[in-house]
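Hi,

Here's the model I promised to pass on. Have a look at it first, and then read my notes underneath.

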Amino acid sequence: MDHEELKHWSKRAADWTAEYHQGLRDRPVRAKVEPGAIATELPQSPPEYPDSPATIWEDFCRIVPKGITHWQHPRFFAYFPANAAPASMLAEQLANAMSAQAMLWQTSPAATEIEQVMIGWLTQALGLPSERVGVIHDSATTATLSAVLTMREQALDWAGLSRGLSGAPQLRIYASPETHSSIDKAVRLAGIGQDNLVKVPTDAGLSMKPGALAGAIRADRAAGMLPAGVILCAGSTGVGAFDRIADCIAVARAEGLPVHVDAAWAGSAMICPEFRNLWAGIEEADSIVFNPHKWLGVQFDCAVQFLRDPGPQVRTLGLRPSYLETAGREEIINFNEWTVPLGRRFRALKLWFVLRAYGLEGLRTRIRNHVDWAREACEALRALPGLTIVTEPSLSLFSFRLETEEATAALLQRINDDGRIYLTQTRHQGEFVIRVQVGQFDCTRADVQMIPAVVAELMREI
Ligand SMILES: *Cc1c(COP(=O)(O)O)cnc(C)c1O
């Protein structure tokens with residue numbers, strides 16, 4: 001394929017994009033294919049000679065969309081959203097066209113400088129202290145890993161980087177049982193070990209008990225272990241639990257420990273001042289991660305980490321071999337020193353486009369609607385006999401069950417085979433529950449009202 005053909009097929013792709021999005025309501029949300037069905041449609045070996053763009057295109061249209069679960073479907077209420085607003089898709093096309101590496105300032109000054117300005121815009125949008133700096137990662141998982149590696153090295157006085165962990169004291173990290181599995185992954189990968197992730201008990205509101213946190217840290221110290229940091233959760237993935245950020249940070253401060261807050265999903269809602277009480281005290285956190293690629297409309301991948309002081313993280317992750325030096329500009333920010341990978345995509349562009357194309361007010365209206373419509377759907381479901389709301393709406397997320405686990409699982413299966421809406425499950429305090437989250441960028445009130453309508457209809461068949 002040459003550049004003339006690229007021009008032709010890009011225009012076809014642009015038309016396809018618009019038609020695909022406009023037609024999404026007519027497709028089942030979850031892919032309806034059996035395992036292995038897509039793979040058998042592809043030849044077993046790569047072609048020796050070029051295929052024409054037209055046949056590649058035809059095969060794409062024939063094979064791929066039917067094997068896609070449509071995350072941009074307005075009735076996608078599963079997991080969390082992974083929204084791609086039109087302005088974000090446009091920015092990604094342009095970023096792809098330039099395909100620049102944003103690892104150093106000089107490898108694309110615009111990428112680094114727009115990233116810095118976007119971090120500044122986002123601190124204002126979320127009501128964070130204006131001196132907060134930050135960086136864009138691919139995912140919350142990597143941002144949290146970066147924070148945990150930094151906690152480890154701060155606790156070891158940077159000895160782990162050179163000497164490794166053998167012979168090091170037993171490090172301890174503290175989090176609530178509600179936190180995301182990316183925290184477990186981070187402590188495993190950081191060499192701290194799963195057994196040293198202390199799951200501090202929560203209260204009836206599913207928030208970490210500050211007193212229990214203090215007790216756990218002191219008991220570990222008394223036993224000769226080395227507490228390294230606390231990870232708090234602002235909007236858990238299962239049911240949207242929030243730790244009491246201010247109280248827990250006060251404990252961590254008193255114990256001299258750094259705090260990382262995982263607000264991957266709920267962070268986006270903090271552009272609305274009325275929700276900020278949910279993470280009151282956040283300005284004291286050392287590190288915060290939130291994913292504009294979930295609720296904000298900036299498509300995957302875009303995870304923003306705010307840092308009170310980037311020094312410890314850069315000291316942990318940064319390496320400056322001679323081939324990465326920027327002669328005469330040592331003071332300039334080279335974002336690869338803040339992140340795990342060296343190579344970095346130009347992700348700030350889509351943030352810039354989205355924040356401008358919708359404005360904070362446009363984005364707030366969407367999030368407020370989602371929260372209101374989720375509450376409405378929750379009340380409509382509560383009225384159905386035989387259905388119990390298990391967790392009340394936390395922002396736009398709640399969960400429910402039927403009388404038995406078998407019935408709940410059978411209902412979920414029916415809902416997703418039906419295809420008009422898509423819901424997923426979690427286990428809450430041992431119970432199998434169906435999660436409902438409202439957050440797709442294009443969803444309307446009518447789309448959300450389909451949730452109780454479909455559930456009521458399919459419950460009759462159980
Ligand atoms: C989605 C989610 C994550 C993981 O996000 P990735 O960007 O996919 O790594 C972490 N924590 C919470 C609370 C989440 O909702």
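Below is what I found, going sheet by sheet.

A word on the ground rules: this is a predicted model, so local features need pLDDT of at least 70 and side-chain atom pairs count only at pLDDT 80 or more, while totals for chains, interfaces and linings use all residues. Residues are numbered from 1 along each chain as its sequence is written, and side-chain values use heavy atoms, with hydrogens and water left out.

**The seven-stranded sheet**

There's an open sheet of 7 strands in the order 1-7-6-5-4-2-3, with mixed pairing. Strand 1 (133-137) and strand 3 (197-199) are its edges, each pairing on one side only. On average, neighbouring strands here are turned by 20° against each other, direction ignored. For the terms: helices (H or I, at least four residues) and strands (E, at least two) are DSSP runs numbered from the N terminus, and two strands pair if DSSP finds at least two bridges between them. Angles run from 0 to 180 degrees between N-to-C directions, with axes fitted to C-alpha atoms (for helices, over the stretch in contact).

At one end of that order, strand 1 pairs with strand 7 (residues 303-307) in the antiparallel sense over 5 bridges, and Gly134 stands opposite Phe306 of strand 7. Two helices sit on this sheet. Helix 9 (residues 245-254) packs against it by touching strand 4 and strand 5, and its direction makes about 170° with that of strand 4. Helix 7 (residues 181-189) lies across strand 2 (171-175), strand 3, strand 4 (226-233) and strand 5 (259-262), at about 150° to strand 3. Contact here means heavy atoms within 4.5 Å.

**The four-stranded sheet**

A second open sheet has 4 strands in the order 8-9-11-10, and its pairing is antiparallel. Its edge strands are strand 8 (388-394) and strand 10 (424-428), each pairing on one side only. The twist averages 30° from one strand to the next.

Strand 8 is joined to strand 9 (residues 397-401) by 4 bridges, with Thr388 opposite Arg401. Strand 10 and strand 11 are joined by 5 bridges and run antiparallel; Thr424 has Arg435 as its bridge partner. In the hairpin of these two strands, which has 2 residues between them, Gln429 takes a positive phi near 45°.

Strand 10 also has two distinct faces: Thr424, Thr426 and His428 are on the covered one, and Gln425 and Arg427 on the uncovered one. In a regular strand the side chains alternate between the two faces of the sheet.

Helix 12 (residues 405-418) lies across strand 9, strand 10 and strand 11 (431-437), at about 35° to strand 11. Helix 11 lies across strand 8 and strand 9, running at about 170° to strand 8.

**One buried residue, one exposed**

Val371 lies in helix 11 (residues 348-382). Is Val371 buried or exposed? Val371 counts as buried because its relative accessibility is 1%, where buried means under 20% relative accessible area, exposed over 50% and partly exposed in between (1.4 Å probe, protein chains only). Leaving aside neighbours within four places in sequence, Val371 is in contact with Phe275, Trp295, Leu395 and Ser396. Val371 and Leu395 are 24 residues apart in sequence and 5.4 Å apart in space, C-alpha to C-alpha.

Met98, in helix 3 (residues 86-98), counts as exposed because its relative accessibility is 51%.

Cheers
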